[in-house]
Amino acid sequence: MRLVEPFLELMTGMMTTLKMLVTEKPVTVQYPEEKKAVKPRYRGRHYLTRYENGLEKCIGCALCAAACPADAIFVEASENTDEKRFSPGDRYASTYEINMLRCIYCGFCEDACPTEAIVLGDNYELSFTDRRQAVYTKEMLILPVPQGGAPTPQVTEPGKFTRSVPEMKDPVD
Amino acid sequence: MGVEQKLANMGVVTTTLETAVNWGRTNAMWPMLFGLACCAIEMMGAQSAHYDMSRFGMELMRPSPRQSDLMIVAGRVSRKMAPVLRRLYDQMPEPKWVVAMGDCASCGGVFNNYAVVQGVDEIVPVDVYVAGCPPRPEALIHGIVTLHEKVRKEKFVNWA
């Protein structure tokens with residue numbers, strides 16, 4: 001008569017289940033309320049950065065647009081003057097648009113940028129109810145003016161901001 | 001008119017039928033699995049224990065269109081797949097919603113060529129587009145929360 005044995009085996013299995021129920025902690029992240037931190041090298045939504053004096057780092061060279069494999073970036077450059085200066089050097093990006101639905105977040109734009117103007121942040125919450133909302137303009141991408149800086153356009157003294165790419169201390173870096 | 005205010009004064013919770021219906025729809029929105037490429041892996045991740053979409057009443061990924069309310073198009077849709085997608089969408093009972101998950105389903109993404117449909121909104125009406133290549137499971141859940149917000153605002157007068 002094999003009546004007790006299967007029952008015992010079932011109980012052994014159920015003991016494991018019960019043990020796990022008591023000892024193991026739940027692994028579920030309660031997402032909209034509680035967010036798991038992303039890894040340091042995670043690539044999310046882009047930002048356009050500024051220098052400490054408030055000038056924009058982007059010089060409108062469109063190397064990011066050339067490097068983009070998905071053709072998600074559109075850059076249009078205009079001339080800088082000392083009376084209306086947005087960035088160091090001759091030109092600045094008057095239009096800078098990224099289509100967040102085209103972008104594949106590969107980070108090639110970040111690598112291509114000679115002034116480290118575009119950086120990929122850690123925001124991944126990009127959902128849209130309309131495709132038109134996915135086109136992020138320069139106003140949406142650019143970071144606010146840092147403490148002690150002045151907003152762009154600035155009036156600057158002639159001959160000070162002639163170099164568009166900053167001089168590197170260590171060219172290997 | 002009238003009875004809601006009186007009942008509220010008596011401590012009875014009243015609501016409009018719209019709110020009740022929309023609440024019911026957001027809390028039991030069964031998705032149809034339409035995994036076509038790498039985004040499907042993240043969709044599976046969103047269903048598994050770490051992210052657990054069943055917290056939103058979406059524990060069942062129905063392989064049958066007749067039992068589902070939400071179509072999550074996860075992956076690039078080729079021109080050959082497009083009529084199949086439309087047919088499955090037509091087989092879903094009303095009310096139905098579509099989430100275009102990832103860049104390829106939303107607008108073709110990196111595949112700007114003749115073989116891939118440049119966005120599933122060419123063939124089906126899309127409610128929410130989720131950006132990312134592929135989107136994290138959290139990003140998909142964020143898209144679903146966005147869809148829930150949209151469904152909560154739906155009005156009876158706008159029903160077809």
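Me: How many residue pairs are in polar contact between chain A and chain B?
Reply: In this predicted model, the count between chain A and chain B is 14 residue pairs, both residues being at pLDDT 80 or more. On the side of chain A that touches chain B, 16 residues are nonpolar, 4 polar and 5 charged.

Me: Why is the pair Asp121(B) and Arg131(A) called a salt bridge?
Reply: The closest N and O atoms of Asp121(B) and Arg131(A) are 2.8 Å apart. The cut-off is 4 Å between a side-chain nitrogen of Lys or Arg and a carboxyl oxygen of Asp or Glu, and the pair therefore qualifies as a salt bridge. Across the interface of chain A and chain B, the rule finds 1 salt bridge.

Me: Why is Arg85(A) called buried?
Reply: Buried means under 20% relative accessible area. Arg85(A) has 5%, so the residue counts as buried. Its salt-bridge partner is Asp82(A), at 2.9 Å from N to O. Asp82(A), at 18%, is therefore buried by that cut-off as well.

Me: What makes Lys150(B) partly exposed and Asp127(B) buried?
Reply: Partly exposed lies between the limits of 20% and 50%. Lys150(B) has 31% and therefore falls in that range, whereas Asp127(B), at 13%, is under 20% and so counts as buried. The side chains of Asp127(B) and Lys150(B) meet in a salt bridge of 3.1 Å, N to O. Asp127(B) lies in the loop between α5 and β4 of chain B and Lys150(B) in helix α6, so the pair ties together parts that are 23 residues apart in sequence.

Methods
Residues numbered from 1 in each chain as written. Chains lettered and ligands numbered in written order. Predicted model: local features only at pLDDT ≥ 70, side-chain atom pairs only at ≥ 80, totals over all residues. Heavy atoms only, no water. Polar contact = N/O pair within 3.5 Å; in protein donor to acceptor, adjacent residues only side chain to side chain. Nonpolar A, V, L, I, M, F, W, Y, C, P; charged D, E, K, R; others polar. Buried < 20%, exposed > 50% of the residue type's maximum accessible area, 1.4 Å probe, protein only. Helix = DSSP H or I, 4+ residues; strand = E, 2+ residues; numbered from the N terminus.
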